Amino acid sequence: MFKSEEVHQNLEAKKNPSGFFDSYSETSLKYDPDRCINCKRCTQVCPHAVFAEGNEHAELANPASCMECGACAKNCPVQAIEVQSGVGCAWAMIGAALRGKDMDTECSCGGDAGSCCGQSEKTGCGGK
Amino acid sequence: METKDTAASACSCSASAQAPSCGCDAAVRSPAEIRTTDSTITPANRLDHFAARWGWKRESHRVVPGLYRLGNPSTESPVFASANYTLSFDALRSALAGFDAWILVLDTKGINVWCAAGKGTFGTDELVLRIQSSGLENIVSHRKIIVPQLGAPGISWPEVLRRSKFLMEFGPVRARDLSEYLKTHKATPAMRRVEFPLWDRLILIPVEFVHVAFPMVIVAAVLWVLAGPVAALAVVSAVLAGTALFPALLLFIPTQDFSTKGLILGGVVAIPFAVVFGTNPLLPGWANAAGAATALLVIPAVVAYSALNFTGATTFTSRTGVKKEIFRYVPLMAVMAVVGSVAGITLGVSRLLGVI
Ligand code: SF4
Ligand code: SF4
């Protein structure tokens, strides 16, 4: 639905031709620059500088760095961004798969794994 | 930290109370309690931080949610939002040393800002509720609230504005950049970026390790009895490599995927054990081969699995990517672990039965 998506996936393909050994080169992030009103919120909230400030609209500068945290989509006032947000936590996803649950809905990262998941300061889900 | 109640009130929000059912409801809300705090980190605070890092009493590192006075704030003073996890709250109040400010602590169930934002407890609903229940609009004359950037996955500023009239400003990722940030209210790109430096990775090791320490000791003890001390040492090495060495070396292992990084690291760790198991002159050739195969298959599989699980603790892995890794590599790890274990068990049984 977003025409920009093709563009960015092509870019990615060029940057990383051996996609097989990099599971992180593609994400669910979709951005429609035509909708953007250049409010710059996405550049403020993204922890990985995926968006950069542009003249007419925000630029998708670094899509492969996206960790799908969802901050940009949630704070874009005009829904120019879509992303399937979730915590990239293998522990919770494998756990869900083993219990026969859906890996996508079942990652509340509960329990007490030692990570974002369990939680730890500064990282994982850290920050301050 | 000294947390004194300055205005006694009928509302009692205990630290563990559910946000919406917290003591006072709308009817008796008016003069909500305002607590006082300062910027000093006491030895007791440090002890608490240490315990939190080791995952000790996971539930107890909490601050009572609500509004706090830091220094001597006026109606003009800035308002900062924080989580009711002691490490988050203490980072904020100590970074604000010398400032007069209000701190609005959200009930995130003792979880730090980023995690809680991901789960939605550091979220729009909770923020709006705290703004209202604290009576913030009667306490400050402005309508601005500074929220840590890492709260953004949980909080939508347009919605907060619509529902509470407060305009959110996203502060820097790290509380320690706040004093710099407050000079201009503009964050530099570096202040906006989450890094994952060595220290931040090392600090995760305790929790990662504590998790697997007990099963590791059991397995090592059993193997010591059945297969000798070197086998026990192999177990301990595999676990330490997966939980301690891997986080430390994460960015230095030259592949992208965590599983392949783990396989590489595990392979290196396995080599000395493979050499020891594979060069026993008292055993026939097939037994040496089986011993070496056990080390070369099981150790990398264990390390790769721990490595993959470390994705949840990092600051950059996307869910799409982690899912791909799971489908790509977990079957391989399982096959390696099973084949390696079968080789090891065959070898062990043969020795016990005196075949070799
Ligand atoms: S989802 Fe998160 S990491 Fe990805 S672009 Fe949006 S803010 Fe950045
Ligand atoms: S938040 Fe949305 S509207 Fe604002 S700059 Fe980013 S994409 Fe454009």
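**Group meeting talk: chains A and B and two ligands**

Okay, let's start where the two chains meet: 57 residues of chain A are in contact with 68 residues of chain B. Of the area that chain B buries against chain A, 13% is supplied by Trp114(B), Trp157(B) and Arg319(B), and no other three residues give more. Keep in mind that what you're looking at is a predicted model.

How much area do chain B and chain A bury between them? About 5,400 Å², and 53% of it is on carbon and sulfur atoms.

Now for the charged side of things. The count here is 1 salt bridge between chain B and chain A. If you want to find it on screen, go to Glu26(A) and Lys324(B): their side chains meet at 3.9 Å, N to O. As for polar contacts, there are 18 residue pairs between the chains, both residues being at pLDDT 80 or more.

So which elements of chain B touch chain A, giving two or more residues each? Mostly you'll be clicking on helices, so here's the list: H2 (86–95), H3 (113–119), H6 (157–164), H9 (198–202), H10 (205–227), H13 (285–309) and H14 (319–352), plus strand S7 (167–171), of chain B. H14(B) makes the largest contribution to that side, with 12 residues. Sort that side of chain B by class and you get 35 nonpolar, 18 polar and 15 charged residues.

Let's move on to the ligands. Around ligand 1 you'll see a group of chain A residues, including Leu29(A), Pro47(A), Val50(A), Phe51(A) and Met67(A). Look for the cysteines too: Cys46(A), Cys66(A), Cys69(A) and Cys72(A) are in that shell. By class, the shell around ligand 1 has 10 nonpolar residues, 1 polar and 1 charged.

Which residues are closest to ligand 2? Those are Cys36(A), Cys39(A), Lys40(A), Cys42(A) and Cys76(A), out of 14 residues that surround the ligand. The shell of ligand 2 splits into 11 nonpolar, 1 polar and 2 charged.

Last topic: how confident is the predictor? Chain B averages a pLDDT of 88, and 91% of its residues score at least 70. Where does pLDDT stay under 50 in chain B? Over residues 1–29, and for that stretch the model has 49 contacts beyond four places in sequence. For the complex, the predictor gives an ipTM of 0.77 and a pTM of 0.77.

That's the tour, folks. Any questions, just shout.

Conventions: Residues are numbered from 1 along each chain as its sequence is written. Chains are lettered from A and ligands numbered from 1 in the order in which they are written. Side-chain values use heavy atoms; hydrogens and water are left out. A residue is near a molecule or strand if one of its heavy atoms lies within 4 Å of it. Ala, Val, Leu, Ile, Met, Phe, Trp, Tyr, Cys and Pro count as nonpolar, Asp, Glu, Lys and Arg as charged, and the others, Gly among them, as polar. Contact means heavy atoms within 4.5 Å. Buried area is the accessible area (1.4 Å probe) that two parts lose on being put together, summed over both. A salt bridge is a side-chain nitrogen of Lys or Arg within 4 Å of a carboxyl oxygen of Asp or Glu. A polar contact is a pair of N or O atoms within 3.5 Å; within protein, one must be able to donate a hydrogen and the other to accept it, and residues adjacent in sequence count only if both atoms are side-chain atoms. Helices (H or I, at least four residues) and strands (E, at least two) are DSSP runs, numbered from the N terminus. pLDDT is the predictor's confidence in each residue, from 0 to 100.
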